Amino acid sequence: MERYAPGKAQKFVVMAIVAAWVGFIALASSWAFQSYHATVKAAEDRVATSSLVVATHAKWIYEFGGQATRRLADLVESGRAPVQVNTVQDINGALEGLPGTVKAYVVAADGKTLYSTDPDLKPIDIRDREYFKELAAGRQEYVSSLLVSRLGGEQIFVFSRRFEQNGAFAGVVTVSLSTDLMQPIWEAVNLGGNFAVSFIREDGQLVARYPKPEAGLDMSGYVLFTDYLKRQSNGTYIADASPLDGIQRIVGYRTVEGTPFVAVAAADLGVLMRPFWHNIEVLSVVTALACLGSLGAAFRIRSLLRIQDDQAAALQTALDKNELLLREIHHRVKNNLQSVMSLIRVHLKPAEQSQALSDRIKAMVAVHELIYQHDAFEALDAAQLVRRVTENVIGAYGSGVAVDFDLAPLYVSNDRATALALLVNEVVSNSLKYAFEGQDSGRIQVRLHTEETGDMSVLEVSDDGIGFDTAIAVKGTGTKLMEGSIRQLDGSYTLEGSDGTHFSARLKLI
């Protein structure tokens, strides 16, 4: 046992406080680091999921626009749409069954509007629009970037498709969608703060956004297109400043397969990082309180240790003397018991009685060995005691019997340990002497465990021997000693011999 060293305690306290603070700082730093990355990861997961929602809507809108323009183009090219001179025909019937409300137009190659669903149609020329010029130049279909309607002044984007007559360009079919359709998507995502959702064309042109921008935007030179999309088709990144409003955001992007769109969900980084900064504030307060508390505790401990040094020195001297005396007592008891065992072995006859007495004394010796070897002055390891006594008995009889142990980690008080040791000795000895007559081998199982309720423990010893008839069994010295041990342990027991022998006792070990 390590001795108390007066005078070193104050130095130890200082070192302990310093070590504790170093550990606390390391732990706090590690926690802050992990909390930061966990918050960022949660934000990334959230915007990635939101970008998937935006992409799903983009896919649906693209399929809707394509279906609408194909249906109108088929109607015109088939000749099933009669043309009345100087009259714009209503084509709402051609869009029947399609979801949503759109504004559709059929414009001839000369710029004249042939058909429309717009009740407020005004004569305008769209031949300078990209979605007209690209189709006139030979493209089959086109999706515009963000535009401002020349009819109503609202922000729109347009799906257009070329139609022909006699193999020559005859005009375009257009479906105009208001960017107001982005608002329900924005509300469904609901990332909080200054967040936004967008459709961006694969060449970097902004198609639609909510909240609405003041004008369209070419993002082809922005990091999303120059870096991230070149590496992978979907992901997240932190944008130091939005090209539209300068707000720092965490961006989730996703290429919408089968469309010319890139779907974007951009969350306000400051809002998503609020939990982390709140945790940092709490950590700062805790750190300040811990600092003040540890300083006060250090001064108080220092004064107490000065008083304790003198008291500890005197107590250490007394403790050393007591431990020395206690060890000497147990050692002498062990030696005396061994001497008694030797004398009995020489003088007692017959040999079987001598062996039984020898085994009982060995069980008592085992208790004292455990006490002084492990400094167990109040309670012993019951499992270790049971195992040691059992192995002593097996070794004494030289039996070929195998033993299986199932011992729970229980304790037995010193004043009950001898009774437990003698009980185990008697039960195991009886099994070895009577259970395997006429057999070369056998097996004994020793179990020690607690009951599910109450403070009682259960000792079980079973063998696979020949068994016995409990009705004609005669109680000898061993049985009386066993029953006396059980009484000392405030217990009870049962003994069965129908299929091998099974002994079970409820005991109070503490």
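## Worked exercises on a predicted model

Lys103 and Glu154 form a salt bridge, with 3.8 Å between their closest N and O atoms. The model is a predicted one, so let's work through it piece by piece.

**Exercise 1.** Find where Lys103 and Glu154 sit in the chain, and decide whether Lys103 is buried, partly exposed or exposed.

*Solution.* Start with the distance: 3.8 Å from N to O falls within the 4 Å cut-off for a salt bridge. Next, place the residues. Lys103 belongs to strand 2 (residues 103-108), while Glu154 is in the loop between strand 5 and strand 6 (155-165). The pair is 51 residues apart and links distant parts of the chain. Finally, check accessibility: Lys103 has 33% and counts as partly exposed, and Glu154, at 24%, counts as partly exposed too. For context, the whole structure holds 19 salt bridges.

**Exercise 2.** Work out the strand order of the five-stranded open sheet, and explain why strand 9 and strand 10 each have one side without a neighbour.

*Solution.* Read across the sheet first: the order is 9-8-12-11-10, with antiparallel pairing. Strand 9 (206-210) and strand 10 (234-239) are at the edges with a single partner strand each, so one side of each has no neighbour in the sheet. From one strand to the next, the twist averages 20 degrees. Now zoom in on one pair: six bridges join strand 8 (residues 196-201) and strand 12 (residues 261-268), and Arg201 has Phe261 in strand 12 as its bridge partner.

Then add the helices. Helix 3 (residues 182-189) packs on the sheet, where it touches strand 8 and strand 9, and its direction makes about 130 degrees with that of strand 8. Helix 4 (residues 223-231) lies across strand 8, strand 10, strand 11 (249-255) and strand 12, at about 60 degrees to strand 11.

**Exercise 3.** Describe the surroundings of Ser144, and determine which backbone atom lies 2.8 Å from a polar atom of its side chain.

*Solution.* Ser144 is in the loop between strand 4 (141-143) and strand 5 (147-148). With 2% relative accessibility, Ser144 counts as buried. Leaving out residues up to four places away in sequence, Ser144 touches Tyr131, Phe157, Val158, Arg201 and Val207. Take Val158 from that list: Ser144 and Val158 are 14 residues apart in sequence, yet their C-alpha atoms are 5.2 Å apart. The atom we want is the backbone nitrogen of Val158.

Arg201 deserves a second look. Arg201 is buried at 10% relative accessibility, and its side chain meets that of Asp203 in a salt bridge of 3.0 Å, N to O. Asp203 is partly exposed, at 38%.

**Exercise 4.** Establish how strand 19 is paired and why it is described as largely enclosed.

*Solution.* Take the partners in turn. Strand 17 (residues 457-463) runs antiparallel to strand 19 and is joined to it by seven bridges; Asp463 pairs with Thr501. Strand 18 (residues 492-496) is also antiparallel to strand 19, with five bridges, and Leu495 stands opposite Phe503. Strand 18 and strand 19 make a hairpin with four residues between them, and Gly500 in the turn has a positive phi of about 75 degrees. Five of the seven residues of strand 19 (residues 501-507) are buried, so the rest of the structure largely encloses this strand.

**Exercise 5.** Identify which strands the salt bridge between Glu460 and Arg447 ties together.

*Solution.* The closest N and O atoms of Glu460 and Arg447 are 2.5 Å apart. Glu460 lies in strand 17 and Arg447 in strand 16 (residues 443-450), so the pair connects parts 13 residues apart in sequence. Glu460 is buried at 14%, whereas Arg447 is partly exposed at 25%.

Key. Residues are numbered from 1 along each chain as its sequence is written. This is a predicted model: local features need pLDDT of at least 70, side-chain atom pairs count only at pLDDT 80 or more; totals for chains, interfaces and linings use all residues. Side-chain values use heavy atoms; hydrogens and water are left out. Two strands pair if DSSP finds at least two bridges between them. Helices (H or I, at least four residues) and strands (E, at least two) are DSSP runs, numbered from the N terminus. Axes are lines fitted to C-alpha atoms, for helices over the stretch in contact, and angles run from 0 to 180 degrees between N-to-C directions. Contact means heavy atoms within 4.5 Å. Buried means under 20% relative accessible area, exposed over 50%, partly exposed in between (1.4 Å probe, protein chains only). A polar contact is a pair of N or O atoms within 3.5 Å; within protein, one must be able to donate a hydrogen and the other to accept it, and residues adjacent in sequence count only if both atoms are side-chain atoms.
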